[in-house]
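Subject: Structure for you to look at

Dear colleague,

I am handing over a structure that I would like you to read through at your own pace. Please open it first, and then go on to my notes below.

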Amino acid sequence: MKFSLLCAVYADCRPLHSDRQALAIWQEYGQRMGALPFPESIAICQGNEYFHEVAGGAKMDSALDRRHLRIVLRRRDLDLLRHELAHLYLDLRWQVLPYPIAEPFAQALAQRGSCPPINFAGEALHESWERRLTLDDCGRLALLRALLAAPASERNRLPLR
């Protein structure tokens, strides 16, 4: 769905690229994990009415609505925006991952602040992957950086279920 059509249907939506905070967050993620073009076709929508169109939306404060190419927020909240942009970044940089896999990585990526350097180079990627749930956010961020730097063929061999 083109943004102009979405905008005509949903008055509380605007192009994501018109949001300065979203642009700054995307640039930050690019500096941390590798640059990606900003997703021009995504909208940002605010209000409770959007959540009835998202599976499980009644319990959410924010969501990446992939079907309608939008981020929906119940209220304007920078942490919620950071989190949904982290999911979008993962989708575009790696792939749409199952929620139990994507959520801890999105939480780690959305965290503000710096992390001490962690090097997974001496450890096989598969071994690091197996212990990902025992890592803190900084460890998950370092693992994600290692995963995104690895060849896609290596990432594709990881168990995602």
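Read along the sequence, the elements of the chain come in the order α-β-α-β-β-β-α-α-α-α-α, which amounts to seven helices and four strands; here helices (H or I, at least four residues) and strands (E, at least two) are DSSP runs, numbered from the N terminus.

Please keep in mind that this is a predicted model, in which local features need pLDDT of at least 70 and side-chain atom pairs count only at pLDDT 80 or more, while totals for chains, interfaces and linings use all residues. Residues are numbered from 1 along each chain as its sequence is written, and side-chain values use heavy atoms, with hydrogens and water left out.

As for overall shape, the C-alpha atoms fill a box of roughly 55 × 30 × 25 Å along the principal axes. Buried residues (under 20% relative accessible area, with a 1.4 Å probe and protein chains only) make up 48% of the 161 residues in the chain. Of the contacts (heavy atoms within 4.5 Å) with a separation of 6 or more, 62% are between residues 24 or more positions apart.

The inside of the model comes next. The largest nonpolar core, meaning a set of buried Ala, Val, Leu, Ile, Met, Phe, Trp, Tyr and Cys residues joined through side-chain atoms within 4.5 Å, has 39 residues, and those with the most contacts inside it are L16, L85 and W94. Among the elements that give two or more residues to this core are helix 3 (78-93), helix 5 (125-130) and helix 6 (137-149). If residues up to four places away in sequence are not counted, W94 touches Y89, W129, L144, L147, L148, R155, L158 and L160.

Apart from that core lies another one, of eight residues, among them C13, C45, A63 and V72. V72 belongs to strand 4 and counts as buried because its relative accessible area is 0%. Although V72 and C13 are 59 residues apart in sequence, their C-alpha atoms are 8.7 Å apart in space. Leaving aside neighbours within four places in sequence, V72 is in contact with C45, Y50, F51, V54, D61, S62 and A63.

Finally, please look at D91 in helix 3, which counts as buried because its relative accessibility is 14%. With neighbours within four places in sequence left aside, D91 is in contact with L64, R66, V96 and L97.

With best wishes

Note on methods
Buried < 20%, exposed > 50% of the residue type's maximum accessible area, 1.4 Å probe, protein only.
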